Amino acid sequence: MMDFNMYMNDVVSGARKEMEQAGYEQLETPEAVEEAFARPGTTLVMINSVCGCAGGIARPAAAHAVHYDKRPDHLTTVFAGQDKEATAQARMLFGDDHLPSSPSFVLLKDGQVVGEIGRHEIEGHAPMSVVTNLQAQFEEFCEEV
């Protein structure tokens, strides 16, 4: 019989690896979040999650969306439920209007929220619709690569 914690460690490890391979920087501490959010330009924050159905759509969408003429200057991710302090810091910096959901995406420009895609826009949707939503935000707020 497989130990639940071992199983979850494998799931979390795989989800982290998937984002790293797509070029996203893991923000695991509140300090790393503050530093990343203070960078000039555009920053995409992917709030990662072990949720099977929504996470299984969001991670591939995050990987594919960045293959576009315009893309964020910085790609980052916090892991809800795993890096709790980092995720709490990110959500605090997103502001009062942010609905905390995971997985989700938040696009920042010079540290300010300019776009958001919540779990309700991910779960039950095709990955390509999430990619299209992300790229529409890139088109509006990001520079050509």
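Which residues in α4 are buried? That is where I'd start with this one, and a few other spots follow. Bear in mind that the model is predicted.

1. **The buried side of α4.** The residues in question are A86, T87, Q89, A90 and F94. They span an arc of only 160° around the axis, so they sit on the same side of α4. Scroll along the helix with these five picked out and you can check that for yourself.

2. **What lies over that side, and what doesn't.** The cover on the buried residues of α4 includes α2, along with strands β2 (42-48), β3 (74-79), β4 and β5. Turn to the face pointing away from the buried side and you'll find K84, E85 and M92, which are exposed.

3. **The end of α4.** Right after the helix comes G95, with a positive phi of about 100°. If you're going through backbone torsions, put that one on the list together with D110 (point 6), which also has a positive phi, about 50°.

4. **One aromatic pair.** The structure holds a single one. It is made by F37 and F94: the ring centres are 5.6 Å apart and the planes are at 20°, which is under the 30 degrees cut-off, so the pair counts as stacked. F37 belongs to helix α2 (residues 30-37) and F94 to helix α4 (residues 84-94), so the pair ties together parts that are 57 residues apart in sequence. Both F37 and F94 are buried. F94 is thus one to look at twice, as it is also among the buried residues of α4 from point 1.

5. **A cis peptide bond.** Going from S102 to P103, the peptide bond is cis, with omega near -5°. P103 is placed in the loop between α4 and β4 (104-109). Worth keeping in mind if your set-up script makes assumptions about omega.

6. **Positive phi at D110.** This residue has a positive phi of about 50° even though it is not a glycine. D110 is in the loop between β4 and β5 (112-117).

7. **Q137 in α5.** Is Q137 buried or exposed? Its relative accessibility is 14%, and the cut-off for buried is under 20%, so Q137 counts as buried. Q137 is part of helix α5 (residues 127-141). Setting aside neighbours within four places in sequence, Q137 is in contact with L107, G115, E116, I117 and C142.

Key. Residues are numbered from 1 along each chain as its sequence is written. This is a predicted model: local features need pLDDT of at least 70, side-chain atom pairs count only at pLDDT 80 or more; totals for chains, interfaces and linings use all residues. Side-chain values use heavy atoms; hydrogens and water are left out. Helices (H or I, at least four residues) and strands (E, at least two) are DSSP runs, numbered from the N terminus. Buried means under 20% relative accessible area, exposed over 50%, partly exposed in between (1.4 Å probe, protein chains only). Contact means heavy atoms within 4.5 Å. Rings of Phe, Tyr and Trp (its six-membered ring) pair if their centres lie within 6.5 Å; planes under 30 degrees apart count as stacked, over 60 as edge-to-face and the rest as tilted. The arc is that of the directions from the helix axis to the C-beta atoms.
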